[in-house]
Structures are given as structure tokens and as C-alpha cells.
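Okay, thanks everyone, I'll keep this quick. I've got one model to walk you through, so let me put it on the screen.

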Amino acid sequence: MTEDAVAVVILAAGQGSRMQSDLPKVLHRLGGVPLVGHALAAARSLDPEQIVVVTGHGAEAVGKALAKLDPEAATALQAEQLGTGHAVRQALPALEGFEGRVIILYGDTPFIAQDTLAALASHPADLVVLGFEAEDPGRYGRLVVTSRGLERIVEWKDADAATRQIALCNSGVMAMPASLLRQLLPRLTNDNAAGEYYLTDLVALARAEGLRADVVTCDEEETLGINTRAELARAEALFQARARARALEDGVTLTDPGSVWFALDTVIGRDAVIGPNVVFGPGVTVESGAEILPFCHLEGCHVSAGATVGPFARLRPGAELGGDVHVGNFVEIKNSVLAEGVKVGHLTYLGDAHVGEHTNIGAGTITCNYDGVMKHRTTIGPRAFIGSDTMLVAPVHVGADAMTGSGSTITEDVPDGALAISRAKQATKPGLALRLMAALRARKEAR
């Protein structure tokens with residue numbers, strides 16, 4: 001382990017009662033992922049030796065989410081909510097043997113930048129607190145700084161009139177060596193009105209030991225914490241504004257930026273074109289030169305260069321579109337690979353399928369992939385032609401250069417180059433339509 005090794009502790013134990021929700025606060029979504037996912041992404045930007053997430057309220061639900069978001073992150077349980085200092089103390093067993101610097105973040109503070117975290121990790125002071133110049137300091141704790149560094153943190157309720165004039169405020173985020181954390185945490189007391197153990201008291205303990213405390217500053221937006229639904233909505237607006245600006249700066253065309261919604265991990269290549277009212281869920285990659293037309297929803301999918309999607313199309317998790325694929329209006333793709341040049345024009349569902357290159361899928365085609373218990377796969381070879389309104393009852397294979405007749409229900413494999421037709425024989429009754437309508441009108445008049 002190097003001297004500049006970093007570990008991150010993320011505090012995610014609070015109930016978030018002001019959210020008025022049964023869902024733990026850190027699981028409310030921002031940019032398509034839970035709030036704690038943003039803290040995890042920020043922590044991973046440091047390439048840390050360890051991440052420990054302290055859970056409490058809704059620990060089981062938070063633990064399940066963490067297993068998907070970051071399986072390598074450790075968890076620690078704060079069974080009783082006894083303050084931030086107590087929460088960090090629960091993480092110490094998971095950091096046993098670690099001797100680098102520990103950064104303490106919050107699961108409801110999603111916007112701290114990578115550069116800010118790097119400054120906290122590399123600062124030479126023994127203890128570093130993240131501060132910000134507040135436009136309206138309000139009831140934030142104030143950071144009292146002199147030529148000797150950070151002297152103390154004063155809570156608003158304890159501050160005199162002069163201290164309340166200080167605009168430099170405490171974010172709660174701090175960093176220090178693991179050895180110092182182990183030394184000072186047991187010395188915190190709960191001798192306060194709330195009966196809780198506060199991390200902010202570590203500054204006074206460090207100064208009493210003759211150690212230097214200091215402040216790293218950041219923009220106020222980075223420290224935005226989420227405590228209410230209104231704050232969550234404001235955070236979403238801020239996240240989307242930043243994501244749209246980044247996309248435009250990276251060479252993506254957004255024809256109506258304000259109507260495009262991004263997720264935390266959305267990746268779009270330069271010269272891609274995104275139309276109005278497009279929503280990106282988590283896990284989407286769009287390559288350079290692709291076009292997403294209006295009113296599409298994409299999640300967990302990959303769109304290759306030259307492909308076009310929409311309008312009014314839905315790509316679900318596992319959708320893989322090759323180069324120059326066309327997916328048209330009212331088409332849904334799920335867990336399916338469409339090779340280069342495939343065309344799926346309209347009104348089609350392809351689920352659990354593999355479609356070979358340059359195949360054409362007619363309107364109204366459905367892969368019948370679910371038997372009520374299990375999912376089954378459909379494979380379609382290259383250059384096939386699937387007629388409109390074809391039902392492909394999986395598991396089934398349609399060979400290369402094969403065709404299906406419109407309106408067919410395909411339940412057996414179709415060999416290469418073959419034409420498969422499966423439909424009821426048409427019966428035509430001359431004049432019956434006129435007689436039937438006359439009889440219906442007479443019945444209506446008799447009522």
C-alpha cells in the first residue's frame with residue numbers, strides 16, 4: 001500500500017424523514033440511479049483501495065442496491081442513529097490494516113467533483129475539511145480560518161454575531177489519515193443537546209494535539225445535499241443541465257437540449273444526433289454518427305455508428321444494435337442483437353433474439369419469447385425477410401436468406417433459403433357482407 005492510498009467512507013444511514021417516503025433517502029433516484037450511486041461514482045474516480053458505505057435505515061434495501069451499483073464496496077451497519085462521528089466509527093473494522101488517507105462523503109450529496117476529491121486526497125494538512133462560500137449562509141456551520149489554518153467549526157446556533165457574518169461554510173466532508181481517524185474517533189463525546197457524536201468535533205481534538213487542520217473550498221453547488229422532494233427536483237434540474245452542456249461540448253447535436261434526459265452513465269459519441277424528448281436510462285452507449293429520433297426511451301443498450309432509432313422506439317436492457325441498423329416507430333427491442341444493416345421499420349417486438357446482418361423485419365412481427373415460466377430465444381439468419389405480422393414462437397430458428405409469409409405463425413425451424421407460410425385458408429363468400437350489414441341494420445331499427 002502506497003503512502004497516497006485512499007479509502008472512502010460514505011455515510012448513508014439516515015432515514016430522510018423530510019422526504020416523506022418509505023424508501024431510504026439515498027435510494028431516491030437522480031439521473032436514473034440512486035443518490036448513493038453518485039457518491040460511489042465520485043469515490044471510484046479516486047481509484048480507492050476501499051469504499052465502505054455505512055447503512056442504517058432501510059439497510060437491507062440499501063445493501064441490495066449497493067450490490068448492483070458497486071459489488072466491491074463494503075458495508076457497515078449503524079444500528080442506532082447516534083451522529084456522524086458514531087457512523088464513521090462503524091466503518092473502522094472494514095478499514096483494518098489500511099494506513100492511507102480516508103475521505104468521508106455523504107450518500108445524499110451527489111455533486112462533489114473529481115478535482116475537489118483529488119484536492120482533499122493530496123492536501124498536506126493532517127485534517128482537511130471541505131468548505132464553500134455560501135450565497136446565503138443561513139444556518140450552516142461556519143469555518144473559522146486564520147493564518148494557522150482551520151481553527152474551529154462553529155455551529156450556527158452557537159455562533160456569535162461576528163461569526164455568523166462568515167460566509168465560509170462547512171459541507172461536512174473531510175479527510176485525514178486512517179491512523180488519525182482511529183486515534184480521535186473514540187475520544188468524541190455526545191455532550192450536546194442532541195446526544196450525538198459529531199465529526200465536526202474532530203477539528204478541535206486535532207488542534208489540541210498540535211496538528212494542523214485546513215480547508216479545501218469548492219463551488220456551493222458541489223455541496224448540495226438532498227433532504228426533500230423539492231431539493232431532489234432542483235438537483236435533477238442541475239444534473240440534467242450539466243449533462244446537456246457536456247454533451248454539446250463533446251460534439252453531440254441536441255436539437256432541443258431541454259427535452260433530452262440523461263442518466264449518470266450515459267455515453268454518446270461526437271456527431272451523434274439526439275432529437276427532442278429522448279430519455280436515456282442507465283447503461284446506454286450511443287456511438288459517433290448514430291441518430292436517436294424524437295420520443296425514444298433507451299436503457300441498458302448499445303447503439304452502433306450509423307444506426308437510427310425512432311421516432312417512438314424503446315430499447316430495453318440487452319439491446320445491441322449494429323452499424324447502420326434502423327429501428328423505426330413503435331418498435332421495442334429487449335435482450336436482442338441486431339447485426340449490421342438490419343431494418344425493423346415499425347410496430348414490432350423483438351425479445352431474446354439474434355438477427356443476422358441485412359435482415360428485414362416486417363411490421364407487426366413479434367418474437368413470442370415467454371411461455372409463462374421461461375424465456376426462449378429466436379435466431380434469424382443474415383439476409384432473411386420476415387413478412388409483416390409474423391409470430392415467431394421461440395425457440396425457433398429462421399435460416400439465412402429465408403422468408404416468412406405475412407400473417408404466419410412460425411413454430412418450426414425454417415431452413416436456409418426456404419419460404420415458410422402458416423396461415424388459415426381464406427374463404428370468400430360473395431355478397432355476404434351486404435346481406436350481413438342489412439340484417440344488422442334491421443335488427444337495430446327493430447329495437
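Let me start with a cysteine: C368 is partly exposed, because its relative accessibility is 28%, and the buried class stops under 20%. Oh, and keep in mind that this is a predicted model.

Sticking with cysteines, how many disulfides do we count? Zero, going by a cut-off of 2.5 Å between the sulfur atoms. Take C301, which is in no disulfide: the nearest cysteine sulfur belongs to C296, and that's 10 Å away. So is C301 buried or exposed? Buried, because its relative accessible area is 3%, under the 20% limit.

Right, over to the surface. There's a nonpolar patch here made of F295, F312, F330 and L347, and together they have about 420 Å² of accessible area. Let me pick out F312 from that group. You'll find F312 in a loop, with β20 (308–309) on one side and β21 (314–315) on the other. F312 comes out as partly exposed, because 38% relative accessibility sits between the 20% and 50% limits.

Last stop, a bit of sheet. Strand β8 covers residues 142–146, strand β9 covers 149–154, and the two pair antiparallel over five bridges. What joins β8 to β9? A hairpin, and it gets across through two residues. If you want a spot to click on, try R142, whose bridge partner in β9 is V154. And while you're looking at strands, remember that in a regular strand the side chains alternate between the two faces of the sheet.

That's my tour, over to you.

Methods
Residues numbered from 1 in each chain as written. Predicted model: local features only at pLDDT ≥ 70, side-chain atom pairs only at ≥ 80, totals over all residues. Heavy atoms only, no water. Pairing = 2+ DSSP bridges. Helix = DSSP H or I, 4+ residues; strand = E, 2+ residues; numbered from the N terminus. Patch = residues over 30% accessible without salt bridge, like charges linked within 9 Å, V, L, I, M, F, W, Y side chains within 5 Å. Areas by Shrake-Rupley, 256 points an atom, 1.4 Å probe, with all protein chains shown as cover. Salt bridge = Lys/Arg side-chain N within 4 Å of Asp/Glu carboxyl O. Buried < 20%, exposed > 50% of the residue type's maximum accessible area, 1.4 Å probe, protein only.
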